[in-house]
Structure formats: C-alpha cells, structure tokens
Amino acid sequence: NFRINTESFDITSHITTTSRPHVTRRCPARMAAFYFALALALIALISAGLLVSSFNSSPYLKRSPPHKCITHQLALHATIDGSTSNDATTRERAKLGRVPIISRTIHIDIDDPAILGDGKEQNKSLDVTVWEMASPSEMIQNWWSVDQSERTSGIGDPFGVVMWPGSIVASKMLMKQHFTNLQSPVANATVLILGAGTGVEAQTAALLGARRVIATDINQLTLGLLEYGVKRMGEVIDKPMNAVVEAKYFDLFSSEDLPRCDILVAADVLYNSELATQVGIRLHEVMTRTLGDEDSTSKPPKIIITDSQKFHGTDFLMEVQELVELNKLFREHGAEELRWETQTLKNVTGSGVLIDEDQSYDVDVKTICWGWSA
C-alpha cells in the first residue's frame, strides 16, 4: 500500500491529444483520467520495487535471526531499529513479521517496608522488558465496533498486544511472596498464566527462579510478542529464558483441561462477563481437581488474580455458583476464602490503547491472593 502525493504530480500536463483521420476523437477529460490512473499504477509498481530493493540492501538495518513461533509454526522475522538498552526511558522499535512493535521496560519492586528491611541483604527489584504492538488503536477500535459473535470468530482478543497495569501488580505480588517466605514458593515452581499478554508476569516468574512458566493466550500475535520478548530478555541477562517460558495457545472456552501447576496467575483478563465467568469456572477447576488425586499431600495451586478494568458483570466470585458454594464451604471449615482486595498502582505509564501516545495515571487494581499461607 503506497500513497502518491497527487497534488505535487500533475500528470495531465504531460498528456496531449492529436486528431487522426477516420478516428473519432475521445473526450479529453476521460483520456486524462485514464492515463492518470495508469500512471499512478506504474508509479506504485516502480516504487514498490525500489523500496524492496533499498530495504534489502540498506546497511542501516540490523536483522535478527528468524523467530519461529512455537505455537503456530510461523517464521516471524524481527528487524531492529536502535541499540539495546535497559534504560526504561529508551524504547526500541522493531518489526515482528510485518507488524511494527516497540519495547517497554517495567520496573518491578516491593513497596512493603516490612519486607524491604534495610535493603542490604538482597536486591528486591528487577526490570523486565516486553514488546508491544506499536499502534494498537485501529485493531482495538475494530474489535469494539463489531458484535460479540464476530469478535470471537473473526477478530479474536486484541488486548494482549499491550501491557496492562494488572500485570505489574501481579508481578509485584509474585515478588512479595518470593521474599516473604524463607523458602521461595516461586523458585522451582511451575507457574501457569492465563491470558499472559506481552509477558510481564511470565518474565518476572522466570527471573524469580520458576522452574517452568506456561504462558497461555488465544491471540497468535500476542504469543509472538511474548516469545520475542522472552528471547530478547534472555540475551540481555545471558540466560536461555525461552527454556523456562513456554508460550502456549490455549482457549479458555475449550474442553481441554488446564495444565497442572503450582501457581496460577490471571492478570487483567476480565474484559466481559462471559470471559470473567469462564475464568471463574477454570479457577474452580484447578482448585478442586486435587481432591480426587490419590496423593493425599497434593494441594491446589496458589492463586494470583488482578483486575484493573473492573467492567460491569465481571465479578466471578458472585456470578459463578461453584465458587459461591466453594467459599461457603471454606467459611464453614474456617479455611481461607477467595476474596477481592484493592491495591493502588501509582504513576503507571502504558499504552493509550485507543490513541497511539502513552498515558500516565494512577489506578486501583482489584486482586485475589489465595493459598500462600503455610
């Protein structure tokens, strides 16, 4: 798709008409329009050839090795602009296949003084760098403009192509549990992430020592972004993070069982009542399936769920009857219940989503943190 500036290119000035014997003279306006269209087509073809040729021979573009997306077996080629940097203010640009993408570095830390101590024992913060779609606004506007059935069948979920505040809060919660306990519950654990998006919490879990991270999503582009971010982060820290983090296509509405895990994370995936209900049903699935295990020592996974958007009808603790009954059972036996709490995330900077510029804001995030007590 090439745009020609027709205002600065007057093709009609180069067209002349001559009369010939025994030939009916055509309308000058129609002839001019015909040749104008033909010239535009030729110019577009020539420009395309020149652009491809110059792109392939340009010494200013660095090519990374072809990126093979495990989940959908597409060879995605990333072309990098800019230099590698861990500076959160420096953002790199690249292309994943034909999609322009941009990096975002997020600082994950703990703001609990009781855990921080004097700060001399161990660094209790880390930086993760994920990759987002550079201009997601058109895709997301298209998603909002169609009905629910077409969203599911035609467009798919577009929200995972940018970072959301809930992923930062979920990562902070993982880090807090990592440093709260004498023996980290995150280190050497299998962490399952539902709707992993760009991979903030997946990278955090891996950097905290998780043995395996299964990062699931339904959007193929999102999984490509996640895999690419994990690969690049591994290059920065000189460790094969892609050997720990597995990007996996998974449809929450399918009949397939969720993979077994020690920790379940779902951050900012409650975009409508149907999806929220299904997340609640899946939560009940992982919390109760250990009841039938022959191994009496097996326990349900630890849970972290965050929701910064708080859409109407997405409180699955009230809407999913199985969870209502499960919480009632917990109360009767004096066990820990599933309950929402609220955390405030200050001065978070993220994609404007419906506009291409970043936005900075404070946000209250609903959270569930269950099963972490000894």
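Modeller: Strands β8 and β11 run parallel and pair over four bridges. The model is a predicted one.

Colleague: What makes β8 and β11 a pair?

Modeller: The bridge count. A pair needs at least two bridges, and β8 and β11 have four. So they count as paired. One bridge joins Val 191 to Ile 263 in β11.

Colleague: Which strand does β8 join in the parallel sense, again by four bridges?

Modeller: That is β9. Here Leu 192 stands opposite Ile 214. The chain goes from β8 through α6 to β9, a right-handed β-α-β crossover.

Colleague: Why is that crossover called right-handed?

Modeller: Let the strands point away from you. A path that then runs clockwise, from the first strand over the helix to the second, is right-handed. The crossover from β8 through α6 to β9 is assigned that hand.

Colleague: Where does α6 lie?

Modeller: Helix α6 (residues 200-207) lies across β8, β9, β10 and β11. It runs at about 175° to β9. Angles are taken between N-to-C directions and run from 0 to 180 degrees, so a value of about 175° means that α6 and β9 point in nearly opposite directions.

Colleague: What makes β8 mostly covered?

Modeller: Five of its five residues are buried. That status requires under 20% relative accessible area. On one side are Thr 190, Leu 192 and Leu 194; on the other are Val 191 and Ile 193. Both faces are covered. In a regular strand, side chains alternate between the two faces of the sheet.

Colleague: What is the strand order of the open sheet of seven strands?

Modeller: The order is β10-β9-β8-β11-β12-β14-β13, with mixed pairing.

Colleague: Why do β10 and β13 stand at the edges?

Modeller: Each has a single partner strand, so one side of each has no neighbour in the sheet. From one strand to the next, the twist averages 20°.

Colleague: How do you know that β12 and β14 pair?

Modeller: Again, set the count against the cut-off. Five bridges join them in the antiparallel sense, and at least two are needed. So the pair stands. One bridge sets Ile 304 against Cys 369 in β14. Helix α8 lies across β11, β12 and β14, at about 165° to β12.

Colleague: Now the rings. How many aromatic pairs are there?

Modeller: There are seven.

Colleague: Why is the pair of Trp 131 and Tyr 228 called edge-to-face?

Modeller: Two values decide. The ring centres are 5.2 Å apart, and a pair must lie within 6.5 Å. The planes stand at 70°, and over 60 counts as edge-to-face. So the name fits.

Colleague: What does that pair tie together?

Modeller: Trp 131 is in strand β7 and Tyr 228 in helix α7, so the pair ties parts 97 residues apart in sequence.

Colleague: Are Trp 131 and Tyr 228 buried or exposed?

Modeller: Trp 131 has a relative accessible area of 1%, and Tyr 228 also has 1%. The limit for buried is under 20%. So both are buried.

Colleague: Why is the pair of Tyr 271 and Phe 311 called tilted?

Modeller: The planes are at 50°. Stacked needs under 30 degrees and edge-to-face needs over 60. A value of 50° meets neither, so the pair is tilted. The centres are 6.5 Å apart. Both residues sit in loops, 40 residues apart: Tyr 271 between β11 and α8, Phe 311 between β12 and α9.

Colleague: Why does Phe 311 count as partly exposed?

Modeller: Its relative accessibility is 31%. Buried is under 20% and exposed is over 50%, so 31% falls in between. Tyr 271, at 10%, is buried.

Colleague: Which residues do ring pairs link into a cluster?

Modeller: Phe 159, Trp 164, Tyr 271 and Phe 311.

Colleague: What makes Lys 366 sit over the ring of Trp 340?

Modeller: The charged end of Lys 366 is 4.3 Å from the ring centre. The limit is within 6 Å, with an angle condition too. Lys 124 sits over Phe 179 in this way, at 5.5 Å.

How values were computed: Residues are numbered from 1 along each chain as its sequence is written. This is a predicted model: local features need pLDDT of at least 70, side-chain atom pairs count only at pLDDT 80 or more; totals for chains, interfaces and linings use all residues. Side-chain values use heavy atoms; hydrogens and water are left out. Rings of Phe, Tyr and Trp (its six-membered ring) pair if their centres lie within 6.5 Å; planes under 30 degrees apart count as stacked, over 60 as edge-to-face and the rest as tilted. Helices (H or I, at least four residues) and strands (E, at least two) are DSSP runs, numbered from the N terminus. Buried means under 20% relative accessible area, exposed over 50%, partly exposed in between (1.4 Å probe, protein chains only). A charge sits over a ring if NZ of Lys or CZ of Arg is within 6 Å of the ring centre and within 35 degrees of the ring normal. Contact means heavy atoms within 4.5 Å.
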